[in-house]
Amino acid sequence: DHFRSVITCEPDPTNWLCLSKNLAARDSLKRVTAIHAAFGEREGGCTPLVVEPHNCGAHRVEFDKGTIPVWTIDGLELSRCDAIWLDCEGSELFALRGAVETIERFAPVICVEDKGLDAAFFGVAPGSLQQFLAERGYAEADRIGRDKIFKRIT
């Protein structure tokens, strides 16, 4: 309700079908554009991998394999971006690397889930995401559970 338009993506085929049906069922969600893809640092392909079969929100992707498209946020060529909110089971840093131009241009508020999955599944060193954002003038401004909210301070 706070945004004029929302762009989201979902790489998992089953979750994609559910998302599509939910969006089609409610007129109030017409401002949401959904893409059957994942966000990453470069365009390509991925395959969804189930981490926890009883939790459809705990899927992760394997990049550079598979036929599900990987898009960059920069590739969306947005005319405006107020917020980037990522919950992609450890690949948040990769999605942000694909959003460097968007971040520089619009200085959006950035929210990322932080459950330590980046190190566990993707080999990302602890603190890498925070360092990436700090290099762009961002600092942590708040938290909502395991979600960290960053805003540009410089």
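The legends below describe close-up views of a predicted model.

**View 1. Largest pocket of the predicted model.** The largest pocket encloses about 1,300 Å³ of space. Its lining comprises 43 residues, of which Val6, Ile7, Thr8, Phe39 and Trp85 are the closest to the pocket centre. Two or more lining residues come from each of the strands β1 (6-9), β3 (38-39), β5 (60-63), β7 (83-86) and β8 (109-113), and likewise from the helix α1 (13-25). Sorted by class, the lining residues of this pocket are 27 nonpolar, eight polar and eight charged.

**View 2. Salt bridge between Asp64 and Arg42.** The structure contains nine salt bridges, and one of them joins the side chains of Asp64 and Arg42, with an N to O distance of 2.8 Å. Asp64 is placed in the loop between β5 and β6 (68-71), and Arg42 in the loop between β3 and β4 (44-49), so this pair ties together parts that are 22 residues apart in sequence. Asp64 has a relative accessible area of 55% and is therefore classed as exposed, the threshold being over 50%. Arg42, at 46%, is partly exposed. The pair also belongs to a wider network of salt bridges, in which Glu41, Arg42, Asp64 and Arg97 are linked.

**View 3. Backbone of Asp64 and Ala107.** Two non-glycine residues with positive phi are shown here. Asp64, in the loop between β5 and β6, has a phi of about 65°. Ala107 has a phi of about 45° and is located in the loop between α3 (100-106) and β8. With respect to solvent accessibility, Asp64 is exposed, its relative accessible area being 55%, whereas Ala107 counts as partly exposed at 32%.

**View 4. Salt bridge between Asp82 and Arg80.** Asp82 and Arg80 form a salt bridge in which the closest N and O atoms are 3.1 Å apart. What is the relative accessible area of Asp82? For Asp82 the value is 39%, and the residue is partly exposed. Arg80 is likewise partly exposed, with a relative accessible area of 48%. Side chains of opposite charge can pair when their charged atoms come close.

**View 5. Salt bridge between Lys148 and Asp114.** The side chains of Lys148 and Asp114 meet in a salt bridge with an N to O distance of 2.6 Å. This pair links distant parts of the chain, 34 residues apart: Lys148 belongs to strand β10 (residues 147-152), and Asp114 to the loop between β8 and α4 (117-122). Is Lys148 buried or exposed? Lys148 counts as buried because its relative accessibility is 11%, which falls under the 20% limit. Asp114, by contrast, counts as partly exposed at 27% relative accessibility.

**View 6. Surroundings of Asp114.** Asp114 is found in the loop between β8 and α4. Which residues are in contact with Asp114, leaving aside its neighbours within four places in sequence? The contacts of Asp114 on this basis are Gln130, Arg146 and Lys148. The C-alpha atoms of Asp114 and Leu86 are 9.8 Å apart in space, while the two residues are 28 residues apart in sequence.

**View 7. Largest nonpolar core.** This core has 24 residues, and Ile84, Leu96, Ile103, Ile110 and Leu133 are those with the most contacts inside it. The elements that give two or more residues to this core are β7, α2 (92-97), β8 and α5 (128-134). Of these, α2 gives the most, with four residues. Apart from this core lies another, of five residues, including Ala38, Val61, Ile68 and Val70.

**View 8. Contacts of Ile84.** Ile84 is one of the residues with the most contacts inside the largest nonpolar core. Neighbours within four places in sequence being left aside, Ile84 is in contact with Ile73, Leu96, Ala99, Ile103, Pro108, Val109, Ile110 and Cys111. Among these partners, Leu96, Ile103 and Ile110 are also listed with Ile84 for the most contacts inside the core.

Methods. Residues numbered from 1 in each chain as written. Predicted model: local features only at pLDDT ≥ 70, side-chain atom pairs only at ≥ 80, totals over all residues. Heavy atoms only, no water. 1 Å grid on protein atoms, 1.4 Å probe; cavity = no way out; pocket = protein on both sides within 12 Å on 5 of 7 lines; lining within 4 Å. Points joined across faces, edges and corners; volume = space filled by probe spheres on them. Nonpolar A, V, L, I, M, F, W, Y, C, P; charged D, E, K, R; others polar. Salt bridge = Lys/Arg side-chain N within 4 Å of Asp/Glu carboxyl O. Buried < 20%, exposed > 50% of the residue type's maximum accessible area, 1.4 Å probe, protein only. Core = buried A, V, L, I, M, F, W, Y, C linked by side-chain atoms within 4.5 Å. Contact = heavy atoms within 4.5 Å.
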